[in-house]
Amino acid sequence: MQPQDVQTDPAVSPATVKPYQIRGRFFTAVALRLDGRVDDALLASLTAQISQAPAFFDDAPMVLDLESVAGKLPRQELVRLIDVLKGHGLSVFGIQNGTAEQVAAARAAGLIPLRGGREVPLDRTTRATDATPKPAPAQSEPETSPATRLVTEPVRSGQRIFNDRGDLVVLASVSAGAELIAEGNIHVYGQLRGRALAGVNGDTNARIFCQSLDAELLAISGLYQTSENLGADIRNERVQVFLRDEMLCIEKLR
């Protein structure tokens with residue numbers, strides 16, 4: 001048998017054939033914002049909070065925000081904090097708003113420097129490190145209008161539904177082990193048994209509404225409550241969840 005020549009299509013250039021795609025993705029990360037030194041009291045408080053709600057931090061990527069302690073947090077304290085957080089099984093992967101020395105220490109510990117975030121639009125924020133104001137651009141892009149994401153099917157265990165632009169509406173039940181995350185409000189027209197995190201970008205006016213409450217975790221703008229703390233009088237009831245005086249409140253809907 002004689003070998004045959006392989007014919008190639010001259011119209012297809014090898015440079016145009018890509019066995020992969022590069023796409024942007026939005027992910028939710030827990031931001032730990034430090035306002036003081038990393039001492040034994042701070043670490044003990046963190047340990048207690050993590051032990052009270054391990055489900056809230058389970059598999060959640062974490063970012064260290066050093067804006068309030070830039071230039072004030074010694075290298076050894078930063079490294080100690082990273083080691084403690086990783087020791088608790090937290091996925092600490094990034095650092096924000098640190099000095100060059102802090103960023104170098106974080107890199108050595110396996111973290112990467114990050115910019116921005118969706119908590120506050122950067123064009124509305126003046127960083128402490130900006131010595132002089134920046135002139136406004138001649139033309140700015142219009143802001144994206146909030147958009148409601150509608151989910152009509154039941155949310156199964158292990159699913160994570162995320163809307164980073166507005167409200168999230170679920171017209172079915174949410175199973176245990178499922179997670180709803182929204183920049184705005186969350187509405188569940190069924191039983192809520194998983195986790196619901198509203199106002200994740202800092203909106204303290206966000207609310208959670210559900211027809212039947214049996215959630216594993218409820219959170220608004222970072223303040224949370226776990227199933228262990230849900231009273232028997234509100235379980236399986238129609239409720240709304242909101243913040244009042246920096247406290248998470250749950251009230252029956254009538």
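Here are some questions and answers about the predicted model shown above.

Reader: Before I lean on this model, what is the mean pLDDT of the chain?

Author: The model is predicted, so local features need pLDDT of at least 70 and side-chain atom pairs count only at pLDDT 80 or more, while totals for chains, interfaces and linings use all residues. Residues are numbered from 1 along each chain as its sequence is written, and side-chain values use heavy atoms, with hydrogens and water left out. pLDDT is the predictor's confidence in each residue, from 0 to 100. In this chain 74% of the residues reach 70 or more, and the mean pLDDT is 78.

Reader: Over which residues does pLDDT stay under 50?

Author: Where pLDDT is low, the predicted coordinates should not be read in detail. One stretch here stays under 50, and the model gives it 16 contacts (heavy atoms within 4.5 Å) beyond four places in sequence. That stretch is residues 118-144.

Reader: How many helices and strands are there in the chain?

Author: Helices (H or I, at least four residues) and strands (E, at least two) are DSSP runs, numbered from the N terminus. Of the 254 residues, 35% count as buried (under 20% relative accessible area, with exposed over 50% and partly exposed in between, using a 1.4 Å probe and protein chains only). Residues 24 or more positions apart account for 38% of the contacts with a separation of 6 or more. The chain has four helices and 15 strands.

Reader: What is the order of the open sheet formed by four strands?

Author: Two strands pair if DSSP finds at least two bridges between them. Strand 2 (residues 61-65) and strand 3 (residues 91-96) run parallel with five bridges, and Val 63 sits opposite Gly 94 in strand 3. Strand 1 (30-33) and strand 4 (112-113) are the edges, each pairing on one side only. The pairing in this sheet is parallel, and the order is 1-2-3-4.

Reader: At about what angle does helix 3 run to strand 2?

Author: Axes are lines fitted to C-alpha atoms, for helices over the stretch in contact, and angles run from 0 to 180 degrees between N-to-C directions. Helix 3 lies across strand 1, strand 2 and strand 3. Its angle to strand 2 is about 160°.

Reader: How far apart are the axes of helix 3 and helix 4?

Author: Helix 3 (residues 75-87) and helix 4 (residues 100-108) pack at about 35°. Helix 3 contributes Arg 75, Leu 78, Val 79 and Ile 82 to the contact, and helix 4 contributes residues including Glu 101, Gln 102 and Ala 104. The axes are 10 Å apart.

Reader: What is the order of the open sheet of five strands?

Author: Strand 6 (160-163) and strand 13 (223-226) are its edges, each pairing on one side only. Strand 6 and strand 8 are parallel, with four bridges, and Ile 161 is opposite Leu 180 in strand 8. The twist averages 5° from one strand to the next. Pairing is mixed, and the order is 6-8-10-12-13.

Reader: On strand 10, which residues are buried on the two sides?

Author: In a regular strand the side chains alternate between the two faces of the sheet. Strand 10 (residues 195-198) runs parallel to strand 8 (residues 179-182), with three bridges, and to strand 12 (residues 217-220), with four bridges. Arg 195 faces Leu 217 across the pairing with strand 12, while Leu 180 is opposite Ala 196. Both faces are covered, with Arg 195 and Leu 197 buried on one side and, on the other, Ala 196 and Ala 198.

Reader: Why does Ala 176 count as partly exposed?

Author: Ala 176 is in the loop between strand 7 (168-170) and strand 8. Leaving out residues up to four places away in sequence, Ala 176 touches Ser 157, Arg 193, Gly 194 and Glu 216. Ala 176 counts as partly exposed because its relative accessibility is 27%.

Reader: Is Asp 245 buried or exposed?

Author: Asp 245 lies in the loop between strand 14 (239-244) and strand 15 (247-252). Phi of Asp 245 is near 55°, a positive value in a residue other than glycine. With a relative accessible area of 69%, Asp 245 is exposed.
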